[in-house]
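Open the model in a viewer and keep the selection panel at hand. The stops below follow one another.

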Amino acid sequence: MIRQLAHLNFVTNDLSKIIDFYVNKLGMKVKFTLNNKEGKSFGYYFECGSTTFLEFFDQAMAAEVWGGNVEELHIGTRYKHFCLEVTGLDEFCRTLKSKGVEVSAVSLGMDNSRQAWIADPDGNSIELMEYGPASLQLTG
């Protein structure tokens with residue numbers, strides 16, 4: 001069952017400007033960061049109230065961690081996906097599959113939350129995420 005919007009995901013080539021804008025200008029707080037193998041932060045979760053976030057990744061570092069291409073970024077090309085927080089992820093995925101929706105395998109993300117992926121008819125990526133006791137969204 002869908003509980004709420006969990007986050008919107010964007011990539012950037014300048015995390016320092018993003019951090020300055022969202023923290024110093026808008027007054028948002030960083031809930032947690034994701035770090036690469038060298039311990040350098042490449043992903044930032046900015047609190048938007050309760051357990052809803054704006055998620056920003058350094059594009060090149062994210063590509064190193066998860067694979068993919070580094071693309072030239074233009075206005076309007078930084079949005080990557082939105083995420084819905086769900087409860088009962090396994091059952092929800094089974095229900096979607098029974099309705100003909102292609103669903104990825106459930107996996108555990110770097111943020112310690114369980115996740116699966118779907119796409120809407122236009123190909124927009126949608127992450128389905130279920131928080132657990134160790135989820136960074138809850139623990140920071």
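**From a helix cap to a surface patch**

Select Asp58 together with Ala60: Asp58 caps the N-terminal end of helix 2, with a side-chain oxygen 3.3 Å from the backbone nitrogen of Ala60. This is a predicted model, and the distances given here are computed from it.

Stay on Asp58, which belongs to strand 4 (residues 53–58). Show what surrounds the side chain. Leaving out residues up to four places away in sequence, Asp58 touches Thr12, Asn13, Leu15 and Phe42. Is Asp58 buried, and which side chain of opposite charge is nearest? Asp58 is buried yet has no salt bridge. Add Lys40 to the selection: this is the nearest side chain of opposite charge, and it is 7.3 Å away. A salt bridge would need a side-chain nitrogen of Lys or Arg within 4 Å of a carboxyl oxygen of Asp or Glu, so Lys40 at 7.3 Å does not form one with Asp58.

Next, select helix 2, residues 59–66. Colour Gln59, Met61, Ala62 and Ala63, the buried residues of this helix. Then display strand 1 (2–12), strand 3 (41–47) and strand 4, which are among the elements that cover those buried residues.

Move along helix 2 to Val65. Val65 is partly exposed, with a relative accessible area of 32%. Select Val65 with Trp66 and Met110: these residues form a nonpolar patch on the surface, and their accessible area together is about 270 Å².

The last stop is Gly67, just after helix 2, where the backbone takes a positive phi of about 90°.

How values were computed. Residues numbered from 1 in each chain as written. Predicted model: local features only at pLDDT ≥ 70, side-chain atom pairs only at ≥ 80, totals over all residues. Heavy atoms only, no water. Patch = residues over 30% accessible without salt bridge, like charges linked within 9 Å, V, L, I, M, F, W, Y side chains within 5 Å. Areas by Shrake-Rupley, 256 points an atom, 1.4 Å probe, with all protein chains shown as cover. Helix = DSSP H or I, 4+ residues; strand = E, 2+ residues; numbered from the N terminus. Buried < 20%, exposed > 50% of the residue type's maximum accessible area, 1.4 Å probe, protein only. Lys, Arg positive; Asp, Glu negative; His and termini not counted. Contact = heavy atoms within 4.5 Å. Polar contact = N/O pair within 3.5 Å; in protein donor to acceptor, adjacent residues only side chain to side chain.
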